[in-house]
Amino acid sequence: MKKSSALVCLFTFLFITGIIIAGGYFLLNLVIIPKVVIPKICNEVETRLQQKLTITNIDISRKGTIFINQPVLYARNSQDIMLECSRIKIAPGYKKIFDSWRINSNNPEIPLDIFLKEIKMKQNPLILSGDIVSNFTLKMDLKDKDNIDWGGNITLKAINIHGIPTIGSIDDINGNIAVSKNSLVSYDIQGKVNGEAAKLEILIDDFKNPELLLRGELFPLKFNLDCVLAGEHLSINELKASYNKILLSAGGQITDLKNRADVRITADISLELADLKNLPLDIKDILKKADPHGFIKANITVNGPLKNIPALAGSVDVVCPKVSLLDHEINSIKIAAQLKNGKAVVNSFDAVFLGSRLFAAADVNIMSGNLPFNARIKISDAKAARIKEKFLPELTQELSGIFSANIHAQGAVNDLNTIKIEADTVLSDLMFDKFTFAEPIEANIDMILKKQKDIIVKKLTLRDAITSLIVDGRINDISHPKGDLAVKLTADLKKLSSYKFLGLPGTLILSGNPALDLKVSGDLLKLQALNLPFKLHSPSLSINQFNLDKLDIEGQFKQMKLDISSLTMKLYEGELTAKVLLNLAEARKPAFNFNAYLSDVDLGAVASGTKLIPEGFQGKLSAEIIVNGNGINPEKLNADIKGTVNLENAKMNDIELKKVHANIDAQYKNTDIELRELLVLYKTIEVAAQGKVESILNNPKINVSARSNLDLEDLNKLPFNLKKTLDELDLEGNVNAQLQASGSVTQWQQMDINANITSREMSVKKIQLKDVDITGNLSNRILKLNAYLNSYDGTLDLKADADLLSDSLKYKGTAKINKVNIGRLIEESKVIAQPHKGIFSLSADFSGLGTSLNTIESGIDFQLEQAQISGLELLRAIGKLLRLNFLSNFKVTETTGTLSVKNSNIHTEDTTIIGPEASIMPRGNINFNQNIDLVVKLILTPESAQQTSSQVLDKFFTFENEQYFTEIDVKGTLTTPKLDLSKFMRERIGSQIKKEIQKKMFKALEGLLR
């Protein structure tokens, strides 16, 4: 029973003890640690390190192992994680502590294993991760609490450090560090710097007087650090690094290690840039591509809080006589830079590049892994020829000029595959392949440089005083550029002549602002390899005096051929459509083919707008033109022109042309047009012309000859108001007409025109004319006319001057008729009903106004020989009165006299018609309406007087000077003459009385004398 009671008491004790232990365990883990221990630890750390610590929880296992779960240490003024660990394991073990205390009594040795799992430290830009295992032994004197000794090993496992500026990463750091109370010695610490093996040694001899010796090696890079810790200050006595010709020497101190830990370091660096490309730097590939050479010296200062790297400040001063990048020399380099707010800021970069001054400023965010940078560069007065020599050696075209630029570049040093570039540039005195630009060219660039060779052009604007060019697209491989670009070009055509390389003639006057949109694809350095589809539009455009509206062009440039598939424009209320093929393989004289269709052009608008055709011209012009030639400069162009032209409802100063058709075969050469053949069809009239038009672009002058074979009946079809005149003339026959015209088209009234009309046989009013030869010259408004012809065994010679362009035709001239057979003329032409005969000659001077004969004035000398005047009513009436039958069929031996013509009136005072029977002397006037007012004197020959009865002689004649004569007044018309018999009889009676008186007086005198 007692035994049972003892067992119950033991069990109860153990149970209660277990409950107490379990309760204590749970009380410790669930209450005391989270509510007391953890806050106290966090508060202590925050007080000492000035940083915030958070711990998720702390567990103590039944074996005495302590687990600190997810401790995180933050910067005080930032939420960026500074140090974290998934778990810290501290494993002393109850049994190990008890066994050490039992064996060593008051001097226990406590083994302490600490495992920091998945450490992660972030101190922008650095990120450290890995595991650390340490096993320490604490030696304690329980009688003397200050007598504690400790030592052990720290093992680094797979430690990685990423984000080291310019270096990038150090991976797989493994090794061991032996730590004692007074010293620290490392051995076999190794890792990889950007894939290359490296090793490190650390030595601290005496923690009481700590001097840290740190040695590292990454063959052939070596460095040594010697520093001394005094209190809370670390003095860096010496930091040296060397890599071939790279030398670093630094010194300084870190103060207030407990709280702020401020660093102040000064360093001097001298290096050969070529050695950089062999270092295991993160930018190693970039350095290899840049292929740097040159020796530089730099002075560096760094200061600020070590625990907040972005807050570090410093300065860098660099001096370098010469470096080489990408085989390009940069001379006289001076750099002043600062470290500020986590960025390396280049305040000034001054150098000489390609003979010009280069200034730059930049900043690099060294806290970011890619080292993003922002740079501004200014280039002054660089020579384009040297830029071409260095950067575009395959460019065969000559390039010269002065280049200045302000460039803004953004990217990342560790990744130069993408660089954003904005630039404002000016090109002065630019010459490219003989193309000289007198005006400065401004360029604005917004682009991205990809993979250090490809360019994405977001927007490129080139402009000068004349032209604006906007480009976007992509250029691949700038050393052998191939592009895929969209281009928009606008130009002020008024100023286009300033481009002297175009060779535009001074006489070419352009205006308008056309816009050209084109795509560019292909090898940019080989024009023949480019493909350029394009569109051109201009609301209005003028070339010299030609106004073009709504110009739209679509086409493509490919394999040095310009193919304009569509060209349309409004032209003086009409429309022009065309297709053009231009072969630019021969740049100076490109071959071209031009097919154009012109419809409904208003000639009235052309006349008033261009002055190239006479004012007053109206009508609609349509045409089809085919032009083949070569050249692009209008002054040196050479082309063959073929086409057809149609005029509809045309007028020239109220002269209706109605419909005219023309065929053209011509050659354009050096602003001149040679007309090989111009065939004009007007109704049934055909005119062929040849000649030349000079200076077509400025003040066109013509020298043209025309010819036509005309049926005179077709003259009624000409567009002139000549119907009445032509009807009166009753023209018949064929003529050959030739015309030669020369002079200014714009002052056509002053042109010099020579005409020649010939005909083997023609008739005017049924009067037959043979061997007609008429020549005329129109010069300075005056027409000079010469005509020579044969007619009825005689000739006609006419010379005249006429002012055709006066309000009324004004003319003067001379005419000669030599021995025309009047008998044949009358018989064959039926001009006069009576069958007169004779040989007629005439010499006359004449003048007049207009086409009416009423205005003619003339003086005429004429002769009539071997004539017979038959049936003339005037002579018949006189013959009937005087009972002289021979006057009805009067034979003429000779006739002479002069006539004067004025105011539609023919006057004579000295005409004498001599025949075998009598002489007739008419005196007075005959007008153009055949009205007569004459005094006709008739003198009988002795033979005729003998054959006349004495009664007639006594009654009608006067005998004086051995002649019988009489005078009769005649009025009326030539067909119905009226003799004034009363006057005649008065005069006859008076004459008889006079005779009787004379007879009686004679008899009386005779009686007296007897």
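## A salt bridge between E442 and R463

E442 is partly exposed, at 38% relative accessible area. In this predicted model, E442 forms a salt bridge with R463. The closest N and O atoms of the two are 3.6 Å apart. R463 is also partly exposed, with a relative accessible area of 32%.

Where do E442 and R463 lie in the chain? E442 belongs to strand β26, which covers residues 441-450. R463 belongs to strand β27, residues 454-463. The two residues are 21 residues apart, and the pair links distant parts of the chain.

## R676, D640 and a network

The structure holds 14 salt bridges. Another of them joins R676 to D640. Here the closest N and O atoms are 2.6 Å apart. R676 lies in strand β40 (residues 672-682) and D640 in strand β38 (residues 638-652), so the bridge ties together parts that are 36 residues apart in sequence.

How exposed are the partners? R676 has 30% relative accessibility and counts as partly exposed. D640 has a relative accessible area of 32%, so D640 is partly exposed too; the range for this class runs from 20% to 50%.

Which residues are linked with R676 in a network of salt bridges? The network consists of D640, K642, D665 and R676.

## E677 and R707

The side chains of E677 and R707 also meet in a salt bridge, at 3.5 Å from N to O. E677 sits in strand β40. R707 sits in strand β42, residues 701-711. This pair links distant parts of the chain, 30 residues apart.

E677 is partly exposed, with a relative accessible area of 25%. R707 is partly exposed as well, at 37%.

## N777, a buried polar residue

N777 is part of strand β45, which spans residues 767-779. Is N777 buried or exposed? Its relative accessibility is 19%, and buried means under 20%, so N777 counts as buried.

The side chain of N777 makes a polar contact with the side chain of D752, at 2.7 Å. D752 is one of several residues that N777 touches. Leaving out residues up to four places away in sequence, N777 touches D752, I753, N754, I782, L783 and K784.

## Aromatic rings

How many aromatic pairs does a search of the whole structure find? The search finds 4. One pair is F959 with Y964. Their ring centres are 4.6 Å apart. Their planes meet at 50°, so the pair is tilted: under 30 degrees would count as stacked, over 60 as edge-to-face.

F959 is partly exposed, with a relative accessible area of 38%. Y964 is partly exposed too, at 24%.

A ring can also meet a charge. The charged end of K937 sits over the ring of F965, 5.0 Å from the ring centre.

## Cysteines

A search of the whole structure finds 0 disulfides. Two cysteines can still be placed by their exposure. C85 is buried, with a relative accessible area of 8%. C320 is buried, with a relative accessible area of 1%.

## Two positive phi values

Most residues other than glycine have a negative phi. A158 has a positive one, near 50°. A158 lies in strand β8, residues 144-164. The residue is partly exposed, with a relative accessible area of 39%.

N961 also has a positive phi, of about 50°, although it is not a glycine. Where is N961? N961 lies in the loop between β56 (958-960) and β57 (963-972). With 71% relative accessibility, N961 counts as exposed, because exposed means over 50%.

## The whole chain

How many helices and strands are there in the protein? There are 11 helices and 58 strands. The protein has 1010 residues, and buried residues make up 37% of them.

Now take the contacts in the protein with a separation of 6 or more. Of these, 42% come from residues 24 or more positions apart. The salt bridge of R676 and D640 shows such a reach on the scale of one pair, as its partners are 36 residues apart in sequence.

Definitions and conventions: Residues are numbered from 1 along each chain as its sequence is written. This is a predicted model: local features need pLDDT of at least 70, side-chain atom pairs count only at pLDDT 80 or more; totals for chains, interfaces and linings use all residues. Side-chain values use heavy atoms; hydrogens and water are left out. Helices (H or I, at least four residues) and strands (E, at least two) are DSSP runs, numbered from the N terminus. Buried means under 20% relative accessible area, exposed over 50%, partly exposed in between (1.4 Å probe, protein chains only). A polar contact is a pair of N or O atoms within 3.5 Å; within protein, one must be able to donate a hydrogen and the other to accept it, and residues adjacent in sequence count only if both atoms are side-chain atoms. Contact means heavy atoms within 4.5 Å. A salt bridge is a side-chain nitrogen of Lys or Arg within 4 Å of a carboxyl oxygen of Asp or Glu. Rings of Phe, Tyr and Trp (its six-membered ring) pair if their centres lie within 6.5 Å; planes under 30 degrees apart count as stacked, over 60 as edge-to-face and the rest as tilted. A charge sits over a ring if NZ of Lys or CZ of Arg is within 6 Å of the ring centre and within 35 degrees of the ring normal. A disulfide is a pair of cysteine sulfur atoms within 2.5 Å.
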